[in-house]
Amino acid sequence: MPTTVFIEFDSPAPVEATPRRLHAAWGRVLDLPEGVSPERARSLPALAPRPPHALGGPKPYCVGQTTASGRTYGFELRFLDDRLVDTLDGWLTWGGVLPVGDGGRGTVALAARSAQVVEHRTWAELEAQDTDTSWVVRLLTPTVFSSRGRHVPGVSPASLAASLHARWCAYSPTGPLRLPDRQALAEALTTVDRTEPVEVGLAMPRGDGRGRLSANRIVAYKGELRISARPGATAQVLSRLMALACFTNAGSHTAYGMGVVDVEAGAQSGGDAITS
């Protein structure tokens with residue numbers, strides 16, 4: 001079932017927690033170990049839920065909100081497959097030491113102080129949440145969407161819905177939802193767009209081979225969207241997808257901590273509305 005966990009760490013020194021370093025650090029905990037193929041892992045219950053490090057699609061986990069205060073660092077982990085919570089629990093039992101860095105002298109070993117499940121819902125419960133018709137969507141970290149290998153300018157309800165829909169279809173055992181097409185979404189939704197572009201760097205080496213990630217900077221978006229929908233089938237599907245948002249990130253490069261969204265259902269829209 002979708003689950004959110006918050007872990008608090010002690011740190012002996014300040015941490016340079018770049019997106020790439022966090023991606024690598026949590027990958028060592030939750031991804032398949034190097035040398036174990038997905039085909040082999042399927043026959044091994046302890047490894048079966050763990051994704052390949054270089055998985056092309058959305059992973060069943062992502063890094064959510066992060067906090068830092070003095071020697072204390074906090075990480076929210078969002079899971080679409082709660083079998084990975086067992087993997088995390090086993091790692092915590094053995095001390096929960098998370099090295100963050102480039103492997104050199106500047107690498108800092110964080111040690112887990114505490115961990116707690118913040119929220120969990122069954123897929124059936126999420127599917128039953130189909131009555132909401134308005135939402136405030138806060139983009140807590142830079143968010144960018146892609147289409148056919150290219151970043152798409154701006155943030156729209158259609159892009160957000162498509163991203164959450166892909167995750168639902170990939171991991172829900174209840175079966176896929178039927179996502180309305182963009183025209184149906186445009187006709188059913190009104191949106192107040194309060195997002196703004198920000199430049200971010202993922203700190204990927206240029207020799208990495210992934211062109212968009214190797215660029216010095218990319219344009220993403222932060223801020224908020226206020227979305228309202230006319231009651232009907234489109235609103236019901238969007239209501240279910242928005243309920244999923246607290247258990248996953250949205251958009252591209254979510255394994256690097258991008259696309260952390262907070263959705264408040266039932267909030268009233270304000271300002272000048274535009275059609276989706």
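**Exercise 1. Determine in which helix R167 lies, and what surrounds its side chain in this predicted model.**

Solution. Begin with the secondary structure: R167 belongs to helix α5, which covers residues 157–171. Next, consider its charge, for R167 is buried and yet has no salt bridge, the nearest side chain of opposite charge being that of E76, 13 Å away. Then turn to polar partners, where the side chain of R167 is found to make a polar contact with the side chain of S163 at 2.9 Å. Finally, list the contacts, leaving out residues up to four places away in sequence: R167 touches P58, L80, S172, T248, N249, G251 and T254.

**Exercise 2. Establish with which residue E76 forms a salt bridge, and whether the two partners are buried or exposed.**

Solution. The side chain of E76 meets that of R78 in a salt bridge, with an N to O distance of 2.9 Å. For the accessibility of each partner, apply the cut-off for buried, which is under 20% relative accessible area. R78 has a relative accessible area of 3% and is therefore buried, and E76, at 12%, likewise counts as buried. Both residues also appear among the contacts of G64, which, neighbours within four places in sequence aside, are E76, R78, N249 and V260. G64 itself is found in strand β2 and, at 4% relative accessibility, counts as buried.

**Exercise 3. Describe the second largest pocket and identify which element supplies the largest share of its lining.**

Solution. The volume of the second largest pocket is about 360 Å³. Its lining is made up of 21 residues, of which A17, L22, T66, T141 and G257 lie nearest the centre. Sorting the lining by element, one finds that α1 (19–30), β2 (61–69), β3 (72–79) and β6 (134–143) each supply at least two residues. The largest share comes from β2, which supplies six residues.

**Exercise 4. Work out which parts of the chain the salt bridge between R138 and E264 ties together, and which network the pair belongs to.**

Solution. The side chains of R138 and E264 meet in a salt bridge at 2.9 Å, N to O. R138 lies in strand β6 and E264 in strand β11 (residues 261–265), so the pair ties together parts that are 126 residues apart in sequence. Through shared partners, salt bridges join R138, R194, E224, R226, D262 and E264 into one network. As for accessibility, R138 counts as partly exposed at 26%, and E264 is partly exposed with a relative accessible area of 37%. The structure as a whole holds 13 salt bridges.

How values were computed
Residues numbered from 1 in each chain as written. Predicted model: local features only at pLDDT ≥ 70, side-chain atom pairs only at ≥ 80, totals over all residues. Heavy atoms only, no water. Helix = DSSP H or I, 4+ residues; strand = E, 2+ residues; numbered from the N terminus. Buried < 20%, exposed > 50% of the residue type's maximum accessible area, 1.4 Å probe, protein only. Lys, Arg positive; Asp, Glu negative; His and termini not counted. Salt bridge = Lys/Arg side-chain N within 4 Å of Asp/Glu carboxyl O. Polar contact = N/O pair within 3.5 Å; in protein donor to acceptor, adjacent residues only side chain to side chain. Contact = heavy atoms within 4.5 Å. 1 Å grid on protein atoms, 1.4 Å probe; cavity = no way out; pocket = protein on both sides within 12 Å on 5 of 7 lines; lining within 4 Å. Points joined across faces, edges and corners; volume = space filled by probe spheres on them.
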